[in-house]
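Visitor: I have a model open and a few minutes. Can you walk me through it?
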Amino acid sequence: MESANQDINLNSPNKGLLADAMTDVPVDNAARGAAPEGLTLAEEEELRAELAKVEEEIGTLRQVLAAKERHCGELKRKLGLTPLDGLKQNLSKSWHDVQVSNAYVKTSEKLGEWNDKVTQSDLYLSASSTLEDWNEKLTQSEAYKKTQETLSQAGQKTSAALSNVGSVISRKLGDMRAHSISHSLSGYSIRHSISMPAMRNSATFKSFEDRVGTIKSRVVGSRENSADGLHSPSGAGDKPPQDNAPF
């Protein structure tokens with residue numbers, strides 16, 4: 001990783017001396033074949049030396065690039081960045097680059113100019129005027145007015161029908177509710193009328209009725225005795241005392 005972080009100096013005498021650096025391979029002059037036309041042997045040697053130098057630099061750059069990519073992947077992994085995030089970032093950057101590119105700007109300008117030319121042309125203005133005239137004639141025609149009136153009447157009838165249906169449903173629900181209440185009351189009166197004779201014939205009701213009659217007779221008797229005592233005080237001692245025992 002230390003070699004990957006070093007600055008690349010193509011003019012350095014140590015360039016290309018990485019772990020897997022390419023080694024110089026001697027080239028046989030006999031295998032080169034004939035020199036190209038127009039080139040001397042010295043020029044050919046110079047070009048071949050420059051080619052070897054460029055290929056060596058390319059190999060060095062590839063190795064450094066691979067090391068940088070590995071280091072970049074490690075940094076993304078530590079930061080928790082996924083490949084999808086990288087793809088989104090690349091797409092966003094690419095779209096931004098496209099928008100700021102000269103070709104995109106020129107194309108947008110050309111389209112704007114064409115739009116202005118089309119909208120300002122006599123053909124476009126004539127077509128727009130013709131369409132406006134047709135629209136005005138259509139809206140002022142008898143057929144259009146009749147169609148509009150028919151649609152309006154149909155909408156009103158539909159609204160009225162829906163309103164009537166709602167009223168009928170509400171009335172039906174009210175009738176059902178009233179019928180349910182009346183049925184409950186009639187059931188209660190029937191049960192009440194059926195249960196009263198049975199209650200009167202029960203032993204508990206008869207016992208309660210006898211006790212009420214006894215209390216009533218005692219109260220009436222005590223009132224009569226009090227009245228007799230007021231009219232004839234001399235005879236008060238002749239009558240036996242009333243029994244005041246509790247019921």
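Guide: Start with one term: helices are DSSP runs of H or I, at least four residues long, numbered from the N terminus. Keep in mind that this is a predicted model.

Visitor: Fine. How many helices and strands are there in the protein chain?
Guide: Seven helices and zero strands. Along the sequence the pattern reads α-α-α-α-α-α-α.

Visitor: What is the average pLDDT of the protein chain?
Guide: The average is 76. Of the residues, 67% score at least 70.

Visitor: Where is confidence lowest, and where is it highest?
Guide: Helix α1, residues 2-5, is lowest, with a mean of 45. Helix α2 is highest, at 94.

Visitor: Over which residues does pLDDT stay under 50?
Guide: Residues 15-25 are one such stretch; the model gives them 16 contacts beyond four places in sequence. Residues 233-237 also stay under 50, and they have zero contacts of that range. Where pLDDT is low, the predicted coordinates should not be read in detail.

Visitor: Back to α2, then. How many residues does helix α2 have, and how far does it reach?
Guide: Helix α2 spans residues 41-79, which is 39 residues. From first C-alpha to last it reaches 57 Å, close to the 57 Å expected at 1.5 Å a residue.

Visitor: What comes just after α2?
Guide: Glycine 80, with a positive phi of about 80°.

Visitor: Which residues in α2 are buried?
Guide: Glu44, Glu57, Gly59, Thr60, Gln63, Val64 and Ala67. Across the protein chain, buried residues make up 4% of the 247 residues.

Visitor: A glutamate in that list? What does the side chain of glutamate 44 meet?
Guide: Arginine 48, in a salt bridge of 3.1 Å, N to O. The two are four residues apart in helix α2, so about one helical turn separates them. Residues three or four places apart in an α-helix point the same way, because there are 3.6 residues a turn.

Visitor: Why does glutamate 44 count as buried?
Guide: Because its relative accessible area is 5%, and buried means under 20%. Arginine 48 is partly exposed, at 37%.

Visitor: How many salt bridges does the count come to?
Guide: Two. Besides the pair in α2, aspartate 97 bridges to lysine 93, with the closest N and O atoms 3.3 Å apart. Both lie in helix α3, four residues apart, about one turn of the helix.

Visitor: Is lysine 93 buried or exposed?
Guide: Exposed, at 52% relative accessibility. Its partner, aspartate 97, is partly exposed at 36%.

Visitor: New topic: the surface. Which residues form a nonpolar patch?
Guide: Trp95, Val98, Tyr104 and Val105, with about 340 Å² of accessible area together. Helices α3 (83-100) and α4 (102-120) each supply at least two residues of the patch.

Visitor: Where does valine 105 lie?
Guide: In helix α4. Valine 105 has a relative accessible area of 34%, so it ranks as partly exposed. Patch residues need over 30%.

Visitor: How much area does the whole protein chain expose?
Guide: About 21500 Å², with carbon and sulfur atoms supplying 59% of it.

Visitor: Last one. What share of the contacts with a separation of 6 or more joins residues 24 or more positions apart?
Guide: That share is 50% in the protein chain.

How values were computed. Residues numbered from 1 in each chain as written. Heavy atoms only, no water. Patch = residues over 30% accessible without salt bridge, like charges linked within 9 Å, V, L, I, M, F, W, Y side chains within 5 Å. Areas by Shrake-Rupley, 256 points an atom, 1.4 Å probe, with all protein chains shown as cover. Salt bridge = Lys/Arg side-chain N within 4 Å of Asp/Glu carboxyl O. Buried < 20%, exposed > 50% of the residue type's maximum accessible area, 1.4 Å probe, protein only. Expected span 1.5 Å × (residues − 1). pLDDT = per-residue confidence, 0-100. Contact = heavy atoms within 4.5 Å.
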